[in-house]
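Please open the structure in a viewer and set the display to a cartoon with the ligand as sticks. The tour proceeds by selection, one stop at a time.

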Amino acid sequence: MSSSNPYQVAVDQVRSAATALKLDEGTVNILVRSRRELVINFPVKMDDGSLRVFTGYRVQHNNARGPYKGGVRYHPSVSLEEMRALAMWMTWKCALVGIPFGGAKGGVMCDPKQLSRSELERMTRRFAWELSPVIGPHVDIPAPDAYTNAQTMSWIMDAYSANVGHSVPAVVTGKPVSLGGSEGREEATSRGLMHCLREALRYRKLSPQGSTVSVQGFGNVGSNAARLLRDELGMKVIAVSDSTGGIYDPSGLDIKKVSEHKEATGSVRDLPSATNITNEELLELECTVLVPAALGEVITEHNADDIKASLVIEGANGPTLPEADRILYEKGCMLIPDVLANAGGVTASYFEWVQDLQYQFWTRSEVNQRLDRTMTSAFGRVLTSSLNEGTDMRTAAYMLAVREVVTAMELRGIYP
Ligand code: NAD
């Protein structure tokens, strides 16, 4: 992965939208900074009796349009700069799909694969307790992100509820359904991605059945995307990967078999009938669609020219650096940016929050129908704007989202 600074990338993206929108420097200065940044160093008792201090973050970027919303990530690369970028991207994502939230992101710098389940639980509960003063169902609502899941959200919900003295399901989203989670939330990011891709293929006059796809990352977003693109759109998934490397089969992978193999061996590699490839090779395969769905900064100026897909759809946050954006655009590759492509997750999180606040729950098909409407309409707005403005899809998405946020800020005014 490249070592560029994700926050600087996020700032550059806002600045180019701000220039196109002719925003004044004072407003831009608000947009490129986070409103609040909490850094917490907190102790956790390890299984062997020793004490370890972890560093965690919660960055709240902008709440002009509603409470802060954003995931919690556990990874050794978690840093304040990364959280700043991810929080900012959440602000644009929520504005773009028209849900009433601002942007936030949090995480703990740790290697979750080296922690036992009970260490993860104690770390999560203590982190949630430390976050309690700045989160809440009307303040800031965390959700899962890389290496956190529905169980992590259950622990956060329980720790927060213990702190305030009553159960507060709406303080997090991405919970299990038995705790007030929403039907369909688990796969919603990938389902939303599928809706965007369906529309993009239609616009490009490509049939899904005649198209091939490579997916980098086989976690929540990547594995569900591979399954849905194959089972519901009828696409041929020719390659997938995880942190250990990838596999390739030009005649199409059986995603159920890949999941079972990963479950049994801990990796997608060495699947009988498929060829092992590296993550770098996966990005450069001959295919119609490339779905980066792991971590950030994998498509750079060094490999963008070698990408052969005619469509790139960003399941991950920040997988493409600005210089690579330009190279892809100039060679006619349509890139559907993260703030649009993976917004299905936060959209279903919004549905979950609404259901929790009303204590009324929807069926899976209601959730999926609403998600389809939201994503299809957002895709249409971004495509129309990119055609009208003569820009790439990312710039078009930013212009729409930044304009929404600025309108809310102007209507509210500056306090006092
Ligand atoms: P996850 O932890 O479930 O899965 C991450 C996957 O990436 C794993 O398969 C892992 O093996 C793989 N991976 C890690 N390092 C890699 C590397 N160097 N090369 C290739 N693969 C690697 O995480 P997730 O929830 O699927 O999130 C993936 C991305 O999608 C992140 O960028 C996240 O911010 C973004 N995202 C997630 C959601 C969501 O609802 N979970 C929503 C929007 C965006």
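The stops below begin at the ligand, continue through the two sheets and end at two backbone details. Please keep in mind throughout that this is a predicted model.

**The ligand and its shell**

Select the ligand together with the residues around it. The shell holds 22 residues, of which Arg73, Asp145, Tyr147, Thr189 and Asn317 come nearest. Colour the shell by residue class: nine of its residues are nonpolar, nine are polar and four are charged. Next, colour by domain. Domain 1 (39–179) and domain 2 (188–341) each contribute at least three residues to the shell around the ligand.

Which polar backbone atom lies 2.9 Å from an oxygen atom of the ligand? That atom belongs to Val221. Move then to Ala294, where a polar backbone atom is 3.0 Å from a ligand oxygen. At Gly315, a backbone N or O atom lies 3.4 Å from an oxygen atom of the ligand. Taken on its own, the ligand has 830 Å² of accessible area, and the protein covers 89% of that area.

**The five-stranded sheet**

Hide the ligand and select strands β1 to β5. These five strands form an open sheet with mixed pairing, in the order β1-β2-β4-β3-β5. Which strands stand at the edges? They are β1 (36–45) and β5 (140–144); each has a single partner strand, so one side of each is left without a neighbour in the sheet. From one strand to the next, the twist averages 25°.

Now zoom in on β3 (residues 68–75) and β5. These two strands run parallel and are joined by five bridges. To find one of the bridges, select Tyr68, whose partner in β5 is Asp140. As a general point for viewing, strands of a sheet pair through backbone hydrogen bonds, either parallel or antiparallel.

**The seven-stranded sheet**

Select strands β6 to β12. Here seven strands form an open sheet, again with mixed pairing, and their order is β9-β8-β7-β6-β10-β11-β12. The edge strands are β9 and β12 (334–336), each of which pairs on one side only. Neighbouring strands of this sheet are turned against each other by 20° on average, direction ignored.

Begin the closer inspection at β7 (residues 236–242) and β8 (residues 245–248). The two run antiparallel, with four bridges between them, and a hairpin of two residues joins β7 to β8. Label Ala239, which stands opposite Tyr248 in β8.

Continue from β8 to β9 (residues 275–277). This pair is antiparallel as well, over three bridges. Label Ile247 here, and opposite this residue Asn276 will be found in β9. When side chains are displayed along these strands, a general rule applies: in a regular strand they alternate between the two faces of the sheet.

**Two backbone details**

Where does Ser273 lie? This residue is in the loop between α8 (255–265) and β9. Ser273 has a positive phi of about 85° although it is not a glycine.

For the last stop, select Tyr415 and Pro416. The peptide bond from Tyr415 to Pro416 is cis, with omega near 5°. Pro416 belongs to the segment after α14 (393–412).

Key. Residues are numbered from 1 along each chain as its sequence is written. This is a predicted model: local features need pLDDT of at least 70, side-chain atom pairs count only at pLDDT 80 or more; totals for chains, interfaces and linings use all residues. Side-chain values use heavy atoms; hydrogens and water are left out. A residue is near a molecule or strand if one of its heavy atoms lies within 4 Å of it. A polar contact is a pair of N or O atoms within 3.5 Å; within protein, one must be able to donate a hydrogen and the other to accept it, and residues adjacent in sequence count only if both atoms are side-chain atoms. Accessible areas come from the Shrake-Rupley method with a 1.4 Å probe; for residues, only the protein chains shown count as cover. Ala, Val, Leu, Ile, Met, Phe, Trp, Tyr, Cys and Pro count as nonpolar, Asp, Glu, Lys and Arg as charged, and the others, Gly among them, as polar. Domain bounds come from an automatic or database domain assignment. Two strands pair if DSSP finds at least two bridges between them. Axes are lines fitted to C-alpha atoms, for helices over the stretch in contact, and angles run from 0 to 180 degrees between N-to-C directions.
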